Amino acid sequence: METIKFKTNIKCGGCIATVTPALNSLKGLNKWEVDTVNADKILTVEAEGISAQEIADTVKKAGFTAEQV
């Protein structure tokens, strides 16, 4: 299992609620969380068999930015 971190603009509970269905639909993504207190709004995912680009694209389709850090 791989841990991948992204800098995002997911900044509140409403944003998390918006992105949740998209992230939860990804096969291979086992766990994820967003640190909304961190200035970079870090999204941390634990994934297996899925690329960072696929995760970033999914976040972008939900309306947010995601840049791997």
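**Notes on the predicted model: cysteines, sheet, core and an odd loop residue**

1. Let's start with the cysteines: the sulfur of Cys12 has its closest cysteine sulfur in Cys15, 3.3 Å away, which is too far for a bond. This is a predicted model, and the structure holds 0 disulfides. A disulfide would need the two sulfur atoms within 2.5 Å, so the 3.3 Å between Cys15 and Cys12 doesn't qualify. The two residues also sit in different accessibility classes: Cys12 is partly exposed at 34% relative accessibility, whereas Cys15 is buried, with a relative accessible area of 10%.

2. On the annotation side, the unreviewed UniProt entry gives "domain: HMA" for residues 1-67. Over that stretch the chain comes out at 33% helix and 33% strand. The C-alpha atoms at the two ends of the stretch are 20 Å apart.

3. Now the sheet. Strand 1 and strand 3 run antiparallel and are joined by 6 bridges; if you want a pair to click on, Lys7 has Ile42 in strand 3 as its bridge partner. Strand 2 also runs antiparallel to strand 3, again with 6 bridges, and here Lys31 is partnered by Glu46. Strand 4, residues 66-68, pairs with strand 1 over 3 bridges in the antiparallel sense. In that pairing, Phe6 stands opposite Gln68.

4. What does the largest nonpolar core look like? It has 20 residues. Phe6, Leu23, Trp32, Leu43, Val45, Ile55 and Val59 are the ones with the most contacts inside it. At least two core residues each come from strand 1 (2-8), helix 1 (13-24), strand 2 (29-35), strand 3 (42-47) and helix 2 (52-61). Helix 2 provides the largest share, with 4 residues.

5. Ile55 is a handy residue to centre your view on. Which residues does Ile55 touch, once those up to four places away in sequence are set aside? The list is Ile4, Phe6, Leu23, Leu26, Leu29, Val45, Ala47 and Ile50. Phe6, Leu23 and Val45 from that list also appear among the core residues with the most contacts.

6. Lys41 is the backbone oddity. Most residues other than glycine have a negative phi, yet Lys41 has a positive phi of about 45° without being a glycine. The residue is in the loop between strand 2 and strand 3, and those two strands make a hairpin with 6 residues between them. Is this lysine buried or exposed? Lys41 counts as buried, since its relative accessible area of 18% falls under the 20% cut-off.

7. Thr8 is worth inspecting alongside Lys41. Thr8 lies in strand 1 and is buried, with a relative accessible area of 8%. Where does the side chain of Thr8 reach? One polar contact goes to the backbone nitrogen of Ile10 at 3.1 Å, and another to the backbone oxygen of Lys41 at 2.6 Å. Leaving out neighbours within four places in sequence, Thr8 is in contact with Asp40, Lys41, Leu43, Thr65 and Ala66. So the positive-phi residue in the hairpin turn is also a polar partner of Thr8, through its backbone oxygen.

How values were computed. Residues numbered from 1 in each chain as written. Predicted model: local features only at pLDDT ≥ 70, side-chain atom pairs only at ≥ 80, totals over all residues. Heavy atoms only, no water. Core = buried A, V, L, I, M, F, W, Y, C linked by side-chain atoms within 4.5 Å. Buried < 20%, exposed > 50% of the residue type's maximum accessible area, 1.4 Å probe, protein only. Contact = heavy atoms within 4.5 Å. UniProt positions renumbered as here; feature names shortened; annotations may be inferred. Polar contact = N/O pair within 3.5 Å; in protein donor to acceptor, adjacent residues only side chain to side chain. Pairing = 2+ DSSP bridges.
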